[in-house]
Amino acid sequence: MEQIRSRKNQYILHLRALAKSADARREAGEYVCDGEKLLREALQFGAEVTSVLWREAAAFSLPDGIAQYAADAELVEYASPLMHSPGPVFTVRIPAMPLPDPLRRVIVLEGVQDPGNVGTLLRSAAAFGFDGVLLSKGCAAPFAPKTLRASMGAAGRLPVAPVQDLPQALQQLRARGVVCLAAALYHSRPLDEAPQGYPDGLCAVIGSEGQGLTDAAVQACDMAVRIPMTDLVESLNAGVAGSVLLWHFRGV
């Protein structure tokens, strides 16, 4: 195991680049995470862990083929995407996971910028059995460190794909018989009054934290639904609202 003692070490610089830049992650084909729990889960679920930077020494044995490094606590924290890093810091190959065809249960996010909300929705989509997630332009990157932390690694366990033209993508889904439901506060029906049978598939569409869905996205859907609430709050944040929808439609 290589001992690293310098901030200028190429591996340390590589970890920091992966944490900061989507372009670096795309070019390298991998992302960076931190924490023993996430590392154990990545190995458990078959993720391709490519390297590990341990704090002082390895805490447990790894499969063959994973590059291993060690450094002192200060250097591990410097290399980590987190403040007060628990370590270890590790890299994972970005999985090649195409969307299933036919796509029967999918969540679409429009302009959800907060990585905590995107990560929460990725985690909920995996928990409630959805096939994949589509992200419009303006959404937080699925393999950014904060998104990964919020998703607890779920970003690497289900297909996530970008969408360039959201209304067009929704129209294509509807053409295949997938029912698209827009989460919207206005001109919508209560969630418990929405139809329950979706033999050809269901798509839940969630908008940004501040603006919600655009008119074009709502108009491209079959109907708009809202979550019944008291008048003590105006709305829920995107992560909570989307998770409620996913739970509601978990069995359809």
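Met-152 sits in the loop that runs between α6 (145–151) and β8 (160–163), and in this predicted model its phi is near 50°, a positive value in a residue other than glycine. Most residues other than glycine have a negative phi, and most peptide bonds are trans. With that background in mind, the reader can follow the backbone to three further places that deserve attention.

One of them is His-84, which lies in the loop between α4 and β5 and has a positive phi of about 55° although it is not a glycine. Is the side of the chain at His-84 buried or exposed? His-84 is exposed, because its relative accessible area is 63%, and the cut-off for calling a residue exposed is over 50%.

The loop that holds His-84, between α4 and β5, also holds Pro-88, where the flanking elements can be located as α4 (73–79) and β5 (89–93). Here a cis peptide bond joins Gly-87 and Pro-88, with an omega of about -5°. The loop between α4 and β5 therefore carries both a positive phi, at His-84, and a cis peptide bond, at Gly-87 and Pro-88.

Following the chain through β5 brings the reader to the loop between β5 and β6 (105–109), which is the place of Pro-102. A cis peptide bond is found at this point as well, joining Asp-101 and Pro-102 with an omega of about 10°.

These local features belong to a protein chain whose secondary structure comes to nine helices and twelve strands. How does the overall size of the chain fit its length? For 252 residues a compact globule would have a radius of gyration near 18 Å, and because the protein chain has 20 Å, the value agrees with that expectation. Taken along the principal axes, the C-alpha atoms fill a box of roughly 60 × 40 × 30 Å.

The interior and the contacts of the chain can be described in the same way. Buried residues make up 47% of the 252 residues, and among contacts between residues at least 6 apart in sequence, 74% join residues at least 24 apart.

Turning to the outside, the protein chain exposes about 12600 Å², of which carbon and sulfur atoms supply 51%. As for charge, the protein chain has 23 positive and 26 negative charges, and the mean positions of these two sets are 2 Å apart.

Conventions
Residues numbered from 1 in each chain as written. Predicted model: local features only at pLDDT ≥ 70, side-chain atom pairs only at ≥ 80, totals over all residues. Heavy atoms only, no water. Helix = DSSP H or I, 4+ residues; strand = E, 2+ residues; numbered from the N terminus. Buried < 20%, exposed > 50% of the residue type's maximum accessible area, 1.4 Å probe, protein only. Rg over C-alpha atoms; globule rule 2.2 N^0.38 Å. Contact = heavy atoms within 4.5 Å. Areas by Shrake-Rupley, 256 points an atom, 1.4 Å probe, with all protein chains shown as cover. Lys, Arg positive; Asp, Glu negative; His and termini not counted. Charge placed at Lys NZ, Arg CZ, Asp CG, Glu CD.
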